[in-house]
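Before reading this report, please take a moment to look over the sequence and the structure shown below. The sections after it move from a whole chain to its sheets, then to helices and to the contact between chains.

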Amino acid sequence: MKGTGTKDAITGTELNELIDIVKKIHGFDFSDYTEASFKRRLSRIMMLKKLEFYDLKHILVNDPGFFQEFLEEITVNVTEMFRDPAFYKALRSQVVPYLSTYQHIKVWCAGCSSGEEVYSLAILLNEEKLSKKSFIYGTDINTGVLNEARKGIYSLRKIKSYAENYLFTGLPGSLTDHFTMMYDAAAIHSELKQNTLFSVHNLISDTGFNEFQMISCRNVFIYFETELQYKILDLFYRSLCPLGYLCLGNKETIRSEAFRKKFKVINQKENIYQKIGS
Amino acid sequence: MALDDEIKKRWAQSRILLLGGSAGAFKLLFRLVKILPVNLNKTVIIVIHRKKNFFSEIEKLFAENSRMLLQEISDKEPIKGNTIYIAPANYHTLVENEGFFSLDVSDAVWYSKPSIDVTFESVAEVYKGQVTAVLFSGANQDGAEGLLKLRQKGALTIAQYPGDAEMAEMPQAAIDMHAAEYILRTTEIFELLEL
């Protein structure tokens, strides 16, 4: 993509006004989103839609159909298969040996976007011969990206870059072994889709829905203020089985003392933790 | 050519030193990191284009040779003085009003993540005239727009003289956009920042 494509930044007052409208009318609370990136997304929408700030407010109030589109643009849905290959390496060497001792392995991939991480984990568990007893839940607040995720079809351009990541993971073969190639796209093998389920879930307002052996929520916290991060960490803590694993993005360092008491560091660099205490 | 008093004064008053570069900038930034004094009393933020999955160990190499404290930025990292921060690969780095960094994984800008434009624009919004920014060698025009935003907000903006740059396109783009208040030879940039 060329250029940052942003216009003059939105002021703090305008931002609060908009957050208020979205909260009152659409029930989505963006007040604890990290401000700089949220503003950047707003400027981007205004530019793409050729809207002034006033028009954006107007359309959010008066055009009910616009909100879904707004939600998709405001949240960052950029994701990759096997993003940070070293993370997947660490999973295989430090987490999988323990996961494999469970009768059932339930994994929650929170903020899964178009499903790339869910399928990366599905491939990894399959290679470890664990797919029969595994189930991966992918959740996101966007229905649009979840539909993409359910299809499991990605453009060849994307697959090419994902395949490069795959090579660095040390997994056998190549990424395309797990896909059926079409003309300009590739579809993930259906057996890898079998034990996955995608559904809408809002980390800010919804509660837990199961008990998991592992929760992966990578590069979602970067969009949240610290207080909100702690609230969601609490939700994750309650949703994990004893000694369950939590994986965050590798730059999402948690600086809270209370957190350190509840989770043991398994891999500092890749931000992999294990629930301790009860 | 001697540097004028005005530029020296503005550099001395800056709280933030922003350094951006791509192809051909690595060696220069490495040399700069080596000479910046431990009592600089400023925050240094470096955005250099880098590939994901390519563990060049830039931070390690820089940290070992830096007199100032040097670290790679992680999410919600507080922005402290007398510290050199390096933008991590595969994220955009932004700054928040409350004095900390935040990261973003949205689309690459000018095929780059980290993008120099994104960080420069964000720093311009928060720190305005308290910034000295230098754009070095690079093979695309990322950074030019960001440098312009900084200049509009009153920051001291400098482009490396394209004739001195290994890759002229990046500083040239900034100059064409009138984003650079000063165009300095490499030696002049070093002379200024060593003050």
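What follows is a description of a predicted model, arranged under short headings.

## Chain A as a whole

Chain A of this predicted model contains 11 helices and 10 strands. Its radius of gyration is 19 Å, close to the 19 Å that the globule rule gives for 278 residues, so chain A is as compact as a globular protein of that length. Taken along the principal axes, the box filled by the C-alpha atoms of chain A is roughly 55 × 50 × 30 Å.

Of the 278 residues in chain A, 40% are buried. When the contacts in chain A with a separation of 6 or more are considered, 76% of them are accounted for by residues 24 or more positions apart in the chain.

## The seven-stranded sheet

In chain A, seven strands make an open sheet, and their order across it is β6-β2-β1-β7-β8-β10-β9, with mixed pairing. The edges of this sheet are β6 (196-200) and β9 (263-267) of chain A, each of which pairs on one side only. From one strand to the next, the twist averages 20°.

One pairing within the sheet can be followed down to single residues: strand β8 (residues 240-248) of chain A and strand β10 (residues 272-275) of chain A run antiparallel and are joined by three bridges. Here Cys247(A) stands opposite Ile272(A), which belongs to β10(A). Helix α6 (residues 116-127) of chain A lies across β1 (105-110), β2 (134-140), β6 and β7 (212-217) of chain A, and α6 runs at about 170° to β2(A).

## The three-stranded sheet

Another open sheet in chain A is formed by three strands in the order β3-β5-β4, and the pairing in this sheet is antiparallel. Why is one side of β3 and of β4 in chain A left without a neighbour in the sheet? Both β3 (153-155) and β4 (179-181) of chain A stand at the edges and have a single partner strand each, so one side of each is left without a neighbour in the sheet. The twist of this sheet averages 30° from one strand to the next.

β3(A) and strand β5 (residues 185-188) of chain A pair over three bridges in the antiparallel sense, and the bridge partner of Ile153(A) in β5(A) is Ala187(A). A helix also meets this sheet, since α8(A) lies across β3, β4 and β5 of chain A and runs at about 90° to β3(A).

## Two helices packed in chain B

In chain B, helix α4 (residues 116-127) packs with helix α5 (residues 144-152) at an angle of about 10°, and the axes of these helices are 7 Å apart. Angles under 35 degrees count as roughly parallel, and α4(B) and α5(B) are therefore roughly parallel to each other.

On the α4(B) side, the residues that meet α5(B) are Ile116(B), Asp117(B), Thr119(B), Phe120(B), Glu121(B) and Ala124(B), while α5(B) brings Glu145(B), Gly146(B), Leu147(B), Lys149(B) and Leu150(B). By character, the residues of this contact divide into five nonpolar, two polar and four charged.

## Where the chains touch

How many residues does the contact take from chain A and from chain B? There are 23 residues from chain A and 26 residues from chain B in the contact. On the side of chain A that touches chain B, α2 (35-48) and α8 (156-169) of chain A each supply at least two residues. The residues on this side of chain A divide into nine nonpolar, nine polar and five charged. The helix α8(A) thus appears in two parts of this report, as a helix lying across β3, β4 and β5 of chain A and as a supplier of residues to the side that touches chain B.

Key. Residues are numbered from 1 along each chain as its sequence is written. Chains are lettered from A and ligands numbered from 1 in the order in which they are written. This is a predicted model: local features need pLDDT of at least 70, side-chain atom pairs count only at pLDDT 80 or more; totals for chains, interfaces and linings use all residues. Axes are lines fitted to C-alpha atoms, for helices over the stretch in contact, and angles run from 0 to 180 degrees between N-to-C directions. Helices (H or I, at least four residues) and strands (E, at least two) are DSSP runs, numbered from the N terminus. Angles under 35 degrees count as roughly parallel, over 145 as roughly antiparallel, 65 to 115 as roughly perpendicular and the rest as oblique. Two residues are in contact if their C-beta atoms, placed from the backbone, lie within 7 Å. Ala, Val, Leu, Ile, Met, Phe, Trp, Tyr, Cys and Pro count as nonpolar, Asp, Glu, Lys and Arg as charged, and the others, Gly among them, as polar. Two strands pair if DSSP finds at least two bridges between them. The radius of gyration is taken over C-alpha atoms; the globule rule is 2.2 Å times the number of residues to the power 0.38. A residue is buried if 20 or more other C-beta atoms lie within 10 Å of its own, exposed if 12 or fewer, and partly exposed in between; C-beta atoms are placed from the backbone.
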